[in-house]
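User: Please examine the structure shown below and answer some questions on its packing.

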Amino acid sequence: MSKTNKNKNKNSKRLPQDTQQSINNYVDEKIDRYTQSDNKPTKNPTTAKIKQKFANEVATYQEKRKLEIIQEKRNIPNSSELDISDCSIMDESNSIQDFEIVEEKVFRYVGKSLQQFLNPIRLKDEIDTYISSKNHVIKKAFINNKNKQLYIITDDLPTINHLNKHNWPEYSFNDGITKIDSKPKVTFIAIRGVHQSINIDNDDFRNYLNYNYEITDVKRITKKSENSKPLPILKAKITNQQKLNAILRDGIKIGYTNHRIEIWKFQPRPLQCKRCNKYGHAICNEEIVCPLCSEGHSLQDCQNKRDQTKLRCSNCQEAHPAFSKKCKLMIDATNEIAKKKNSNQTSNQNSKKPTQPLKSTPVANANSENQTKSNDAKNEFKEIIAKIITNLSIITSMQILDTSSLKKKGIDVLSLNETFFNSKNNHHSILNGFEIIYCNRKAKTGGGVAIIIRKNLIFKTIISESNEQYELIAIEIQSLKEKTLIISAYTPPSSKTNFDFLEKLSKDYINVIILADFNATHPSWGCNYPNTKGRKLREKLDENNFIILNDNHPTFIKSKNVLDLAIVSPSLFSQTKNFEVLTDFKISDHWPICFELNNCVTQKEFLKLDINKLIENLETLSFSEPTELADSHAIEKRLMEFNTKINNALKVSTAISKSKGKKLRIPKFILNDIKLKKKLSRIYTKTHDPFLKNQLNNLNNSIRAKIKKINTERWNMVYENLVETKPSEKAFWKSLNIDKNQKPLMEGVNLNDEEKLEFLATHFESAFSNKENPKHTNFFKYYRTQKFNRQITLNELEINLNKLKPKDSSGFDLISNKIIKLFPLKIKKELLNIFNASFKIGYVPNIWKNAKIILILKKNSDPKFPSSYRPISLLSCVGKLLERIINTRLTEWAESKKILVDEQNGFRKGRSTQNAIFKLIENISRKFKKRQKTGLVLYDFAKAFDTVSHSGILRVLNKLRCPVTIGNWIKSYLENRKFQITNESKKNSSIKDIKSGVPQGGCLSALLFALFINDLGKKLRKLSPKLNFELFADDVSVWCSHSRINSINKILQKATTIINNFAKSRGLSLNVDK
């Protein structure tokens, strides 16, 4: 290499443009060399001593070679000197370059005048002026407002080197800046095997460790439960990362004794509140509890710190502090964290490395370690590998198959290895309700695989094959949302398969489950060492992105190795959970393993309406000739006939459909990075080179950044969809994908569903009542005008029909707005005939007055109490259409007669809360300019809409001389109303009466309440010209402006008296809590 090239590489440590290809070439070459050296056949047998001697020589040579490379600073003259321990890469021109993924470095500075450079443009000009470098590359620079420091961030190596040495002038940034040196990273390590007789407090001992290995702060670990018994373990600190990598690989030598070094594993500590001492959160608003004595004061103010007799845990009430490790709740919370950590480690199974560095011992004839299973274990079923719980769950390893117990446990599919079947066995006779597919070993006895599947599952056999290398069965289950391939396989210990059959079978499937005993060992799934089949299987799994679910727990009892594997494709990995090795079931020389798949694997069935078919069926409906319906009985009969024919058309047009599940897709460029990371990881497990470890960390950070970027892009797409919708629209919340699954009613209460429904129905029946005694009076006996009492026209019907929201839920008649909008002309005429009869005689059919109530749990409420639920009423959409027509007429009448006070802003066209707020703010501002004070009182009626008296509404309408026909119809509309509560299982309570309140969900309700409360506005108007007020439904705002506070108080007190008296006269009550 030329001198110029050497200098160029020395000054530039950034990746070349073709870094990805260079790393791939380098890794491929390393793997080829390593596998070739391992797979060379040995002509002459060698003893264990010769193999050990050869291994030691290889390790010595590698160590010597590493030192040479470090001294030469990785400037290797030609490619022939590349070694397994080397970390240089070959580019396309066969020249060797160093590569390094440079991490971002943050430089911090302090200065007196840095606040003057908060403007980013001025800050950039100042840095460019005094940095004394023309080719500097700065990624980010800013002034931190919290600590008043300058941050300069860069990932350019020349810029990093320059800033490390650069001295900023005294006049830069006005008063100069000073660099803040970052603290070195401290790593805690464990030194094992140090005998208790060694005095670690001796200065010679500490100086020896500090001088040779830069180890400081050495402490001996003791066992508190045995009177602080000293253990042969030391805990220490180290800051030199190169020294750390060296001692992790080689250990340390104290005298003539070698000691193993490990990174100190801190026990996970659960999150604990600083105020209430409970677990799961950091701080809350509850009262402070002392962690020592459980009294109501802080730890600093505790006077019982030295009194051991007054120690009491506020969580478990035992005699210890709340933060003690002996606390039962602390132990449970810590174990829960450990379980979550183990489950997260399973997701990184493909890149997992052993805790101890691998030795450089060559593996020869490694398959001899995997002994064949003894003849004593020849039972009819040896290993069950798949268990399907709920919909499809998976298990392994059993001796005797009992189909009755399988049915009880919900097992649907089983995979068996080494079945020892033969043609004489009658296996179908014992499999009641199950079907068996098996493949016996040819030519030899023993072996064999089988899959047992429940007969109600739809499947087909893809392959059943047996040869000297492997035995396997593959079936395709068609009962899921996507075709799923399940493979049961076994390879004998002496086989030399390369596992190509896995790739051939699974290439056409997204969902793949492999349950097998390959007799393959590898550290990545928890074995002590890799054998030849383990390496080949590892490469094949990486190429196809398969994921191993095993959690490093042994499955083979004799050798304590992990031989039974559960492998899934990436699309199924997110749906797996609860992997477990069942060590309690010792039924062969293998332990069973099991895991579960969530219900989301299976398809959900639902009823789907065929709109085109429904339109055709509605066109074919025929009704009898429209006749005048003279009484309520005729209306009920005609309406029942109408509902029956519409519902029959709906049933014929509805079919069962299945949901389409979401596919888990990983972008290809991220998969390529993951493959590269796995290759580098395998090389690192053989070399333990710190330089390669750095590359692995940077590549891992790069993968995380790309995944984060993809998630951000997906959220941006969701955000773009949200921008086009309003928060009030259902599409807005549907885009956010909010989970609306309803929880069971009164969860935790020891009652069955019927008892819960009746209890809730009784509670709400009492809520829908009014203390005011109804006064039976003959209403609406005055003269009938023609304008608002005329018959409903077809045009009027179609105008209001077009205003219906198609997604509104239906009532007990099951006819929704979406169906009503599809009605042809002849059905509209039939409906118009029923509407006019109902309006003319003033009768509302019972089915239109029966409400189906769904209860929604209020936020942060206890589900055990009925008051924690908010009732949502679902009424008949057909009845609400007529109600909408009458509401239009009643609104037109009220507005034309100017009955409603102008201060009422609720539910009026062109009015909203903004009108009331604007008027209040404008009034306060205007009076403030006149140096007047303003007093404001806000009132709210408690459960006003639910407790309004029906007779009170009718008296108000009668007093206002409401149109007679509309009045009589509203009278029937309010009388004899019923409700039933429905739970998540579609069960209904008994029918209960609604004795008060305007109908929830009704179109007329808002206007009726506004008319009912209208007299309050008239009374407040007469009180004082200085009093102002605004109404919005049941909310009342009253304010007064005056130069004297006493005058304001007097006027507001009179207004309060008027409002309180009005509420009492109408059977209402003010909400004092609000």
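**Core packing and helix crossing**

User: With which residues is leucine 890 in contact, leaving aside its neighbours within four places in sequence?

Analyst: The model is a predicted one. Neighbours within four places in sequence are left aside for leucine 890. The contacts of leucine 890 are then Cys962, Ile966, Ile970, Leu1004, Leu1007, Leu1008 and Leu1011.

User: Which helix gives the most residues to the largest nonpolar core?

Analyst: This core has 81 residues, and Phe823, Phe835, Leu890, Ile970 and Val1038 touch the most other members. The helix that gives the most to this core, with nine residues, spans residues 877-896 and is H23.

User: Between which domains does this core lie, and why?

Analyst: Residues of this core come from both domains, so the core lies between them. They are domain 4 (607-656) and domain 6 (755-1071).

User: Are H11 and H15 roughly parallel or roughly antiparallel?

Analyst: The axes of helix H11 (residues 532-543) and helix H15 (residues 668-687) come within 10 Å and cross at roughly 160°. Angles over 145 degrees count as roughly antiparallel. Therefore H11 is, relative to H15, roughly antiparallel.

User: Which residues in H15 are met by Arg538, Glu539, Asp542 and Glu543 in H11?

Analyst: The crossing of H11 and H15 is right-handed. In H15, the residues met by those four of H11 are Lys675, Lys678 and Arg682.

User: What does arginine 911 count as, by its relative accessibility?

Analyst: Arginine 911 is in the loop between H23 and helix H24 (913-929). Its relative accessibility is 25%, and buried means under 20%, exposed over 50%. Arginine 911 therefore counts as partly exposed.

Key. Residues are numbered from 1 along each chain as its sequence is written. This is a predicted model: local features need pLDDT of at least 70, side-chain atom pairs count only at pLDDT 80 or more; totals for chains, interfaces and linings use all residues. Side-chain values use heavy atoms; hydrogens and water are left out. A nonpolar core is a set of buried Ala, Val, Leu, Ile, Met, Phe, Trp, Tyr and Cys residues joined through side-chain atoms within 4.5 Å. Buried means under 20% relative accessible area, exposed over 50%, partly exposed in between (1.4 Å probe, protein chains only). Helices (H or I, at least four residues) and strands (E, at least two) are DSSP runs, numbered from the N terminus. Domain bounds come from an automatic or database domain assignment. Contact means heavy atoms within 4.5 Å. Axes are lines fitted to C-alpha atoms, for helices over the stretch in contact, and angles run from 0 to 180 degrees between N-to-C directions. Angles under 35 degrees count as roughly parallel, over 145 as roughly antiparallel, 65 to 115 as roughly perpendicular and the rest as oblique. A crossing is left-handed if the near helix is turned anticlockwise from the far one by less than a right angle, and right-handed if clockwise.
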